[in-house]
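Open the model in a viewer with the sequence panel alongside. The stops below go from whole chains down to single residues, and each begins with a selection to make.

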Amino acid sequence: MAQTRKARERVSKIWTIVGLVAGTVFAAFPVFWMLSSSFKKNSEIFAYPPQIVTEGFSLDAYLVILTDPVKLRFFGNSYLVALSVTALTLIVAVLAAYAFSRYEFKGGKGLNLVILSVQAVPPITLLIPFFALMVTLRLYNTYQGLILTYMVFTLPYAIIMMTAYFNTLPKELDEAAKIDGAGPMKVLTRVLVPISVPGMVSVGTYTFMIAWNEYLFALTLTRTEDMRTVPIGIQLLMGQHSYEWNEMMAMSILGSLPVLLLFLFFQRYFIGGLTSGSLKS
Amino acid sequence: MTQLSTSRPKVLGVKAQRAKFMQSLTPYGFVAPVSALILVLMIIPIAIVIGYSTLDNVIMTPESRFVGLDNYVTILTDGTFYIAARNSLVFTLGSVTAHFVLGLAFATLLNTRLLSPFVKTIFRAIFILPWLFTVAIIAVLWRMLLNPNGIINYLLVSSGIVDVGVEWLSSRSTALLAVTVINIWAGYPFFMVSLLAGLQGIPRDLYEAATVDGASAWQQFWHVTLPQLRPIIISMMILDMIWTSQQFALIWLTTGGGPINATEMLPTYTYKLAFSTYEFGLASASAVIILLLSMVLAFFYVRHQKVKD
């Protein structure tokens, strides 16, 4: 009996290891190939047979990207837009979440429902009116236009997550501050915000990621090369002369670094936020 | 005097009432910014796109004509629209099913008690990798991997599965499959992470009770794990359907909807109507139809969330 149980456990251990190895290959091989290709010469990308590490290991592709002012500008634009969206989203979301978490007010439930359903509005539906609106408001091909646009996509999620976070904080904290004569704004900024840093970090990373990755509106609402963001920049690389695969891969690695680093540092918040936002609304 | 003394509490009452009224306004102040943004960037744009969908020559010329539902009739009688709808359906159902199966498989692997928490954290980070890359980068990467001379064809040819390299993305028979596979790779981690959280939340004693009853591992999975995960699975599937059916960048950057409509989806179809042929009226009608389809899914999602609470 004990023997069969041990044998069964061994079998399940073997299957687990097989699964983990297969999963690792499936998930990580493409990423590994991107990394390896970014160190190759372009002529070696489709070498036959394929080479994992080439003799011609070089950082040339990275140097090309990092010394080209046009491409550096893509990165600058992406950082500017994504950081602005993150800051503004956090401010607006914290204010709204405070109301939803601490007040019962007429229309509150309705507004909450609107915010929840806004998530389901297809970006493509908004694209045409946004295009018209941004041209009319003279925000076409500007940072402000992109920042405002992205907030529509980041806010619902951020508000839902922040509300859930505030709901976990005891109301006695507010009451204590109120007895000391603090107004609602003071309660929020002096009491709730300081202890909500973990929640704000996960909302912030998620928001940054959405803004950093956005493609459709960046493509449509900007026109000139100096306003383009990284996702568009990579696409532009595809169009130019021949395909410089090694440069595209180097730019992809550089373009993924911010999100990868955020993930590395904030893994716990990241995953916590990811699950709480979509499931507890 | 008497008058004064009687009116005094009255004045105070008004003051108190006003203070109370002002207090009741406080939450509205806090939700004012988001309300303004939603009004300007959501309600008004939806009104605009519905308006555009009833106009002819909109945006391109200063004078546009009201044409009623003509644009909708044109879209709904366009063969390409149905091809796009069918492709979107295949792409969405294929992706969502595979996301669920892979996500559950990976989550179950990561939930094992055979590994130490530290090793699990490492594997979780590896399995989550695809989710950390933006769609534009994923598209470029997979164009390289699926290139006729690329690594995937090399592996397939050298292992004898195919005779010559396949043009995965530019052949009519494989393009839809190829973009679906790319999307599966890109999207399963989201399922995995949520299901893993769900698995960790299942009380241990449920399994212990099942073991006492003599349930096999498979029976435990079928009668304990799946029913416990059901609410998460349903929410995730509806959300994923909404997101996948709206996928634009991946298609646009790998196949552009081609070859000859083979991977045309509703978003690329709409985008082309607007920004390639400048038929903004028709594109708006198509965009409104997509909105309605999404709202149906959103309705089920919200209803499901309510039932859960």
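Domain bounds, as used here, come from an automatic or database domain assignment. The model is predicted, and the tour starts with how each chain is divided.

**Stop 1: the domains of chain A**

Select residues 2-38 of chain A, which form domain 1, and then residues 60-279, which form domain 2. Put a marker at the C-alpha centre of domain 1 of chain A and another at that of domain 2 of chain A; the two centres lie 35 Å apart. Next, look for the places where these domains meet. Four residues of domain 1 of chain A are in contact with seven residues of domain 2 of chain A. On the side of domain 1 of chain A that touches domain 2 of chain A, two residues are nonpolar, two are polar and no residue is charged.

**Stop 2: the domains of chain B**

Move to chain B and repeat the selection: domain 1 covers 2-52 and domain 2 covers 71-308. For these two domains of chain B, the C-alpha centres are 44 Å apart.

**Stop 3: the contact of the two chains**

Show both chains and select the residues at their contact. Chain A supplies 71 residues and chain B supplies 73 residues. Colour helix 1 of chain B, residues 2-52: with 16 residues, this helix gives the most to the side of chain B that touches chain A. Then colour that side of chain B by residue class; 59 residues are nonpolar, 14 are polar and no residue is charged.

**Stop 4: helices 7 and 8 of chain A**

Two packed helices are described by the angle between their axes and the distance between the axes. Select residues 172-179 of chain A for helix 7 and residues 184-195 of chain A for helix 8; their axes come within 10 Å and cross at roughly 120°. How do helix 7 of chain A and helix 8 of chain A stand to each other? The range from 65 to 115 degrees counts as roughly perpendicular and angles over 145 as roughly antiparallel, so helix 7 of chain A and helix 8 of chain A are oblique to each other. The crossing of helix 7 of chain A with helix 8 of chain A is right-handed.

Display side chains at this crossing. Helix 7 of chain A brings L173(A), D174(A), A177(A) and K178(A) to the contact, and helix 8 of chain A brings K186(A), V187(A), R190(A) and V191(A). The contact of helix 7 of chain A with helix 8 of chain A has four nonpolar and four charged residues, and no polar residues.

**Stop 5: helices 8 and 9 of chain B**

Now select residues 204-212 of chain B, helix 8, together with residues 217-245 of chain B, helix 9; the axes come within 10 Å and cross at roughly 140°. Helix 8 of chain B is therefore oblique to helix 9 of chain B. The crossing of these two helices of chain B is right-handed. The residues to display are L206(B), Y207(B) and A210(B) from helix 8 of chain B, and Q220(B), H223(B) and V224(B) from helix 9 of chain B. By class, the contact of helix 8 of chain B with helix 9 of chain B has four nonpolar residues, two polar residues and no charged residues.

**Stop 6: two loop residues with positive phi**

Most residues other than glycine have a negative phi, and most peptide bonds are trans.

Centre on N141(A), in the loop between helix 5 (123-136) and helix 6 (143-167) of chain A. The phi of N141(A) is positive, near 60°. N141(A) counts as partly exposed because 16 C-beta neighbours lie inside 10 Å.

Then go to I260(B), in the loop between helix 10 (249-254) and helix 11 (266-275) of chain B. The phi of I260(B) is near 40°, also a positive value. I260(B) has 10 other C-beta atoms within 10 Å and is therefore exposed.

**Stop 7: two helix residues**

Select L63(A), in helix 2 (residues 60-66) of chain A. Is L63(A) buried or exposed? A residue is exposed if 12 or fewer other C-beta atoms lie within 10 Å of its own, and L63(A), with 12 C-beta neighbours inside 10 Å, therefore counts as exposed. Draw a distance from L63(A) to E247(A): the C-alpha atoms are 9.2 Å apart, although the residues are 184 residues apart in sequence.

Finish at F123(B), in helix 4 (residues 117-128) of chain B. F123(B) has 19 C-beta neighbours inside 10 Å and so counts as partly exposed. Which residues does F123(B) touch, not counting residues up to four places away in sequence? They are L20(A) and L110(B). A distance from F123(B) to L109(B), 14 residues apart along the chain, reads 9.4 Å between C-alpha atoms.

Notes
Residues numbered from 1 in each chain as written. Chains lettered and ligands numbered in written order. Predicted model: local features only at pLDDT ≥ 70, side-chain atom pairs only at ≥ 80, totals over all residues. Contact = placed C-beta atoms within 7 Å. Helix = DSSP H or I, 4+ residues; strand = E, 2+ residues; numbered from the N terminus. Nonpolar A, V, L, I, M, F, W, Y, C, P; charged D, E, K, R; others polar. Axes fitted to C-alpha atoms, helices over the stretch in contact; angles between N-to-C directions. Parallel < 35°, antiparallel > 145°, perpendicular 65-115°, else oblique. Left-handed = near helix turned anticlockwise from the far one by under 90°. Buried ≥ 20, exposed ≤ 12 C-beta atoms within 10 Å, placed from the backbone.
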